[in-house]
Amino acid sequence: MVLVPVVTFGLIIGSFLNVVIARVPEQRSLWMPGSTCPGCGNAIAWYDNIPLLSYLLLRGRCRACAVPIPWRYPIVEAATAALFAAAWLRFGDDVRQFVVAVAFLAALVAITVIDLRHQIIPDAITLPGVVAGFLAALATQRISWLDSIVGILAGGGLFVAVILLSRGGMGGGDLKLGAMLGAFLGWQALLVALFIAVMLGGMSAVVLLAARRVARKDAIPFGPFLAIGGAVALFWADAILAWYLGGFHR
Ligand SMILES: [Zn+2]
């Protein structure tokens, strides 16, 4: 079954994304030192650092001091593996498109969790992401380089307008993430991603306000909704646009 190596690859990248999520907001190196337990400071052995399996075998606790390992570790690993499997099923007949898709999805997973935890979207991911998205358009020809450039300008430009109008409701991190989505998706699919993000964000705000989980003045991070919109657009923007434009012209 070809999905076994793809899922394994996704679990390994998911494990790496957990390091990105823990260290990038603190501006620590991704490579040195190796992982240590935040409870007791002991180095984590390779056999206690196997994606998903170690979490299950250790029952979610450090072997040395039994401090709980956060849920987000196995969740990020499983989610990344599932997205990689979906990317293989959708893009697997073209290796270049598959590589671009999983790089894009991995960045979106890291951005989502970091924005939920810290209310920031790191430039260290989005700025290289803008360049990578443009180079990916050149390499795969899935979208034209011009659609990628227009996507970058549209994704960044729309947020400049929103930031000026809302006076602080959105941040520069959203702007750079918008530009990154435009670079990877092209402006047409970017519009699908933004539409989905605004719908999901609006619905979530209504639900959270009604449940009194947030107050009206609280800022709800928008990055996760942009990331979900970007992932949905990666897989289905063509179908959504064809359906929408087909209905429009009828
Ligand atoms: Zn420990």
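Q: What counts as a donor of the zinc ion here?
A: Donors are N, O and S atoms within 2.8 Å of the metal. In this predicted model, the protein donors of the zinc ion are the SG atoms of C37, C40, C62 and C65, at 2.3 to 2.4 Å.

Q: How are those donor residues spaced in sequence?
A: The pattern reads C-x2-C-x21-C-x2-C. Take C40 and C65, a pair that links distant parts of the chain, 25 residues apart. C40 sits in the loop between α1 (3–23) and α2 (53–57), while C65 sits in the loop between α2 and α3 (72–91).

Q: Which arrangement do the 4 donor atoms make around the zinc ion?
A: Start with the ideal: four tetrahedral donors give angles of 109.5 degrees. Four donors count as tetrahedral if all angles lie between 85 and 135 degrees. Around this zinc ion the angles are 106 to 113 degrees, so the arrangement is tetrahedral.

Q: What about accessibility: how does C40 count, and how does C65?
A: Partly exposed is the label between 20% and 50% relative accessible area. C40 comes out at 32%, so it is partly exposed. C65 gets that label because its value is 33%.

Q: Moving on to pockets, how much space lies in the largest one?
A: About 870 Å³. It is lined by 37 residues, and the closest to its centre are S35, T36, P38, I44 and Y73.

Q: Which helix gives the most to that lining?
A: That's α1, with 6 residues. Each of α1, α2, α3 and α4 (95–118) supplies at least two.

Q: And how do the lining residues divide by character?
A: You get 21 nonpolar, 8 polar and 8 charged.

Note on methods: Residues are numbered from 1 along each chain as its sequence is written. This is a predicted model: local features need pLDDT of at least 70, side-chain atom pairs count only at pLDDT 80 or more; totals for chains, interfaces and linings use all residues. Side-chain values use heavy atoms; hydrogens and water are left out. Donors are N, O and S atoms within 2.8 Å of the metal (3.2 Å for Na, K and Ca); water is not among the atoms, so sites may look incomplete. Four donors count as tetrahedral if all angles lie between 85 and 135 degrees; four count as square planar and six as octahedral if opposite donors are over 155 degrees apart and all others between 65 and 115; anything else is irregular. Helices (H or I, at least four residues) and strands (E, at least two) are DSSP runs, numbered from the N terminus. Buried means under 20% relative accessible area, exposed over 50%, partly exposed in between (1.4 Å probe, protein chains only). On a 1 Å grid over the protein atoms alone, a cavity is a set of points where a 1.4 Å probe fits but cannot get out, and a pocket is an open set with protein on both sides within 12 Å along at least five of seven lines; lining residues have an atom within 4 Å of a point. Grid points are joined across faces, edges and corners, and a volume is the space filled by probe spheres set on the points. Ala, Val, Leu, Ile, Met, Phe, Trp, Tyr, Cys and Pro count as nonpolar, Asp, Glu, Lys and Arg as charged, and the others, Gly among them, as polar.
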